[in-house]
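Welcome! Please take a look at the structure below, and then read on for a short tour of its metal sites and its interior.

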Amino acid sequence: MLTIGCHLSSAKGYLAMGKQAKALNANTFQFFTRNPRGSKAKPVNEADMEAYSSFARQHGIGPLVAHAPYTLNPASADPGLRDFALRVMAEDLATLERLPAVYYNFHPGCHVGQGIEAGIAWIAQALNRLIAPEQRTIVLLETMSGKGSEIGSSFEELAEIIRRVERPDKLGVCLDTCHVYSAGYDIRNDLDGVLEQFDRVLGMERLKAIHLNDSMTPFASRKDRHEKIGQGSLGMTAFEQIVRHPILKMLPFELETPNELDGYAAEIALLRARAEKEE
Ligand code: FE
Ligand code: FE
Ligand code: ZN
């Protein structure tokens, strides 16, 4: 059975997200650790986290993906902004240690004119400060579309960040289907070729989660506009291949498509059906 779910609002807490996921026939979900604009986190509600944990165990939910605020920039030239990113991420990671199975996904950052090399060095430095040897949570670098000065739109850039981190065993990669297609990896016509490249550059074991999004923009557009599954430039056949792929189908899939809850339920049902359909 696929592990599939969608991005949910964390406004009502963890147990509420768990129940919401269940109602959508999801067995995983993603959430923002705080307001995506990166403001203060709500105080930790241990009782809610414990209640969620037993609900998740009972209903076979997880692993989850916690998404860091996308406005953080650990690659910034501004030491104040780098510090802020580090502080937020450290606080998030401390909180997430209370959950049974969760990945912490973040956008590597933007170099904003410093050049890729300088940006990569800052990201690696941040991860080296952030990662504690005893932490259980694996930190995921998300593959990016390459809009503006985004770092992480090539597998090589992600590999270079990981190579510079002292505890690479605490790192993984989350592949966003919209982003990689926009970045010029043709998962529509050559999924196996792209995965071979991923394996060669990063190692397949680094791949821990998938963001499932169709794209509003054409191949290699370097834009980041998510579309509903099957309604964009990737199209339904691409997603059918993805959810039926022997390696990918074992990973947690998170939908980040422009949908309300009923739309997510429909996409989850559709993808489950395609995954299980006989040849
Ligand atoms: Fe993201
Ligand atoms: Fe994503
Ligand atoms: Zn995106």
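The donors of the zinc ion (ligand 3) are spaced H-x44-D-x1-H along the chain; donors are N, O and S atoms within 2.8 Å of the metal (3.2 Å for Na, K and Ca), and sites may look incomplete since water is not among the atoms. This is a predicted model, in which local features need pLDDT of at least 70 and side-chain atom pairs count only at pLDDT 80 or more, while totals for chains, interfaces and linings use all residues. Residues are numbered from 1 along each chain as its sequence is written, chains are lettered from A and ligands numbered from 1 in the order in which they are written, and side-chain values use heavy atoms, leaving out hydrogens and water.

**The zinc ion**
- His179 (NE2), Asp224 (OD), Asp224 (OD) and His226 (NE2) are the protein donors of the zinc ion (ligand 3), at 1.9 to 2.8 Å.
- The arrangement is irregular because the four donor atoms subtend angles of 50 to 138°; four donors count as tetrahedral if all angles lie between 85 and 135 degrees, four count as square planar and six as octahedral if opposite donors are over 155 degrees apart and all others between 65 and 115, and anything else is irregular.
- Asp224 counts as partly exposed because its relative accessibility is 22%; buried means under 20% relative accessible area, exposed over 50%, and partly exposed in between (1.4 Å probe, protein chains only).
- From the zinc ion (ligand 3) to the iron ion (ligand 1) is 5.3 Å.

**The two iron ions**
- The iron ion (ligand 1) has His67 (NE2), His107 (NE2) and Glu142 (OE) as protein donors, 2.1 to 2.2 Å away.
- Glu142 bridges the iron ion (ligand 1) and the iron ion (ligand 2), which are 3.3 Å apart.
- For the iron ion (ligand 2), the protein donors are Glu142 (OE), Asp176 (OD), His211 (ND1) and Glu256 (OE), at 2.0 to 2.2 Å.
- The site of the iron ion (ligand 2) is irregular, with angles of 87 to 174° among its four donor atoms.
- Both His67 and Glu142 are buried, and Asp176 and His211 are buried too.

**The nonpolar interior**
- The largest nonpolar core has 78 residues, and Leu127 and Leu212 have the most contacts inside it; such a core is a set of buried Ala, Val, Leu, Ile, Met, Phe, Trp, Tyr and Cys residues joined through side-chain atoms within 4.5 Å.
- A second, separate core of six residues includes Val65, Tyr103, Ile138 and Cys174.
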